[in-house]
Amino acid sequence: MTRHAKPPKNPAPGAATAFETPAPHCDACHQEIAVCDGVQYGSTATGYRLLCSRCFNEEVAASGGLDFQHVQFQPLEMRDAVGELHEFHFRVHLLGDRVALDAFEFKGGEPRGYRFQALDDAEVDLFSLMGRLVGRMRRALATQHVEEERGQFHIKDLLVRGRVEWDENEDGRVPLIVIDGHEIPWDEFGRMLMTFEGWQFKLEIRDKSEEI
Ligand SMILES: [Zn+2]
């Protein structure tokens, strides 16, 4: 049986790893696993082990005969269009012949807000992939789609870019929309759209690794 990363409970399209896993130490190197860096690796036949990204990537590279050198990127702070600081953590995961570089915003010690992903061939130069991802993050943070006024968000111009997320309060019935790193419940988003009653809109769904 092919060994693979066990998918998370509610996988987003393209998601391949379980970053919500609570166990703190890697079953291979026994180092503590940072938040977002753990992955359940194995198969239903052999059972799953919890690995850090480095050990996970080394095992995937060895099984695929890939020339791959893991890089652990350090967290980075970036300012958005209104001068607010955002802290990002990075994760590198080999997905067969592809590599995914994920950037998670951290708020209060957990991944919330902005999230970005870059995908490329497994043997790409990870530093150049990081350079491209950071460029995309800077462009995204420089653009403001919503603004807050008296505790309520409003659509600033005529364009909204965002991400569809799981809303625990709604048990997945309707999405939580993340715009400019702000979590906006579906009903709230509906209220924001009522500014444009009678207008048209165009909704285009894109993979999380694409720049939109
Ligand atoms: Zn490890």
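Okay, quick bit of vocabulary before we start: when I say two strands pair, I mean DSSP finds at least two bridges between them. And keep in mind that what's on the screen is a predicted model.

So, with that in hand, look at strand 8, residues 146-149, and strand 9, residues 152-155. These two pair in the antiparallel sense, over four bridges. Who faces whom? Glutamate 148 in strand 8 sits opposite phenylalanine 153 in strand 9, and glutamate 149 stands opposite glutamine 152. The two strands form a hairpin with two residues between them, and in that hairpin arginine 150 takes a positive phi, near 50 degrees.

Okay, zooming out. The chain has three helices and 12 strands. Of its 212 residues, 19% are buried. And if you take the contacts between residues at least 6 apart in sequence, 43% of them join residues at least 24 apart.

Now let's go to helix 1, residues 53-64. That's 12 residues, reaching 16 Å from the first C-alpha to the last, which is close to the 16 Å expected at 1.5 Å a residue.

Which residues of helix 1 are buried? They're Ser53, Cys55, Phe56, Asn57 and Val60. And what covers them? The cover includes strand 2, at 38-43, strand 3, at 47-52, and strand 5, at 85-95.

One last stop, just after helix 1: glycine 65 takes a positive phi there, about 65 degrees. So that's a positive phi at glycine 65, and one at arginine 150 back in the hairpin.

That's my tour, thanks!

Note on methods:
Residues are numbered from 1 along each chain as its sequence is written. This is a predicted model: local features need pLDDT of at least 70, side-chain atom pairs count only at pLDDT 80 or more; totals for chains, interfaces and linings use all residues. A residue is buried if 20 or more other C-beta atoms lie within 10 Å of its own, exposed if 12 or fewer, and partly exposed in between; C-beta atoms are placed from the backbone. Two residues are in contact if their C-beta atoms, placed from the backbone, lie within 7 Å. The expected span of a helix is 1.5 Å times one less than its number of residues.
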